[in-house]
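Welcome! Open your viewer, get ready to select residues by number, and let's take a short walk together.

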Amino acid sequence: MAEEPVMNIWHRIFRKATESKGFVLALGGGGGRGLAHLGVLEALEEHGLKPEAIVGTSIGALFGAMYALEPDIKRMRSRIQALLHSDAFSQLELPDLTEAETADHTWLGKLTAAARQSVLYARVAKGTALIDTGTLLNLVQTLCDAKGFSDIRIPLFVTAVHFPSGEIEIFSKGDLSRAITASMAIPGVFGPVEVNGQHFVDGGLACELPAKEAKMVAKPGQPIVAINVGGRPNPNLRPSTVIAMLDWAIRIKSLYLRQYKAQFADLLIEPVTGFRQWADFSHPDQEIERGRQAALAKIPELIEQLGLDR
């Protein structure tokens, strides 16, 4: 049997080393706009590209965990879409901060919008959260099949913010469902979540696009692929209430924070998610397809960064 040429041997070794370095996927927060993450995962899977690790914030933490537990985007997409049409999801009663954006300008439409805002104002005046966090926790446990960090098949890191110190926490062990719920607990909408005797809130406060955190957990040479699904203010809409004004201010702050975090990404994928509010989950197919198309446009660049011979 003839010996294999030395050059061929070194070529195989070098190619294997190159192919094994992989990439770290950073999934940002954005509520309903985060459905675009599913499209990104779909495009990556179509090309046989799976992350070596996932870092997720808020909705990105939930979708990242689901994929880390069971890397099957078709099944994951089916489960998410079924949830969005379920009674359990409707019971969340996510707040609508866009009464000024309503398309119904009839007297009845305006009256309905005003009534909704009256209820919202009443809730704001009476407590620190609009929605029972336990409802969110139940949804997370259902989607993650009540599994834990020990069950994941792709290393997962979940960001959250300690309450009230404001320090960033990165979870990679312990109670998975509680860590995800904490990462999704938008202050004022949900109450702080207790994890290991301490309380945490939405990771998006400090790292809505967790590219820097992904860089912290990446191995040498691993590129960071960050998915930005953050919102932006509608230039044609002027806030007309205190709540809407606060929402606008938060969007501006988040916009510039994401721009800072994006500098830590080696590859940035930004689906065009429009001006939809974070609580708008009404167009899942559209958001998923936007994510898929944005990812497909970046696949050649990712393949080149990974040094893959395709």
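Below is a tour in four stops through this model, which is predicted.

**Stop 1: His-37**

Start by selecting residues 36-46, which make up helix α2, and pick out His-37 within α2. Is His-37 buried or exposed? With a relative accessible area of 0%, which is under the 20% cut-off, His-37 counts as buried. Now show its side chain and look for the backbone oxygen of Gly-28, which the side chain of His-37 reaches at 2.7 Å. To see more of the surroundings, add the residues in contact with His-37 beyond its neighbours within four places in sequence: Leu-27, Gly-28, Ile-59, Gly-60, Phe-63, Ile-227 and Val-229.

**Stop 2: the nonpolar cores**

Keep Phe-63 selected and add Leu-25, Leu-49, Leu-62 and Ile-180; within the largest nonpolar core, which has 67 residues, these five touch the most other members. Which helix gives this core its largest share? Select residues 59-69: that is helix α3, and nine residues of the core come from there.

A second core, separate from the largest one, has 13 residues, including Val-24, Leu-209, Ala-214 and Ile-224. In soluble globular proteins, nonpolar side chains tend to be buried together.

Next, zoom in on Leu-25. Setting aside neighbours within four places in sequence, Leu-25 is in contact with Leu-41, Leu-44, Pro-51, Ala-53, Ile-54, Val-55, Val-225 and Ile-227. You have met Ile-227 already, as one of the contacts of His-37.

**Stop 3: helix α7**

Select residues 133-143 to bring up helix α7, then colour its buried residues Thr-133, Leu-136, Leu-137, Leu-139, Val-140 and Leu-143. Look down the axis: these residues lie on the same side of α7, because they cover an arc of only 160 degrees around the axis.

Now visit the ends. At the N-terminal end, Asp-132 acts as a cap, with a side-chain oxygen 3.1 Å from the backbone nitrogen of Gly-134. After α7 comes Asp-145, which has a positive phi, near 55 degrees.

**Stop 4: Asp-266**

Finish in the loop between α11 (242-262) and β10 (267-269), where you will find Asp-266. Its relative accessibility is 34%, so Asp-266 counts as partly exposed. Which residues is Asp-266 in contact with, apart from neighbours within four places in sequence? They are Lys-215, Gln-222, Pro-223, Ile-224, Glu-301 and Gln-305. Zoom in on Ile-224, a member of the second core: its backbone nitrogen lies 2.7 Å from a polar atom of the Asp-266 side chain. For a last look, select Ala-226, which is 40 residues from Asp-266 along the chain, although their C-alpha atoms are separated by 7.9 Å.

Note on methods. Residues are numbered from 1 along each chain as its sequence is written. This is a predicted model: local features need pLDDT of at least 70, side-chain atom pairs count only at pLDDT 80 or more; totals for chains, interfaces and linings use all residues. Side-chain values use heavy atoms; hydrogens and water are left out. Helices (H or I, at least four residues) and strands (E, at least two) are DSSP runs, numbered from the N terminus. Buried means under 20% relative accessible area, exposed over 50%, partly exposed in between (1.4 Å probe, protein chains only). A polar contact is a pair of N or O atoms within 3.5 Å; within protein, one must be able to donate a hydrogen and the other to accept it, and residues adjacent in sequence count only if both atoms are side-chain atoms. Contact means heavy atoms within 4.5 Å. A nonpolar core is a set of buried Ala, Val, Leu, Ile, Met, Phe, Trp, Tyr and Cys residues joined through side-chain atoms within 4.5 Å. The arc is that of the directions from the helix axis to the C-beta atoms.
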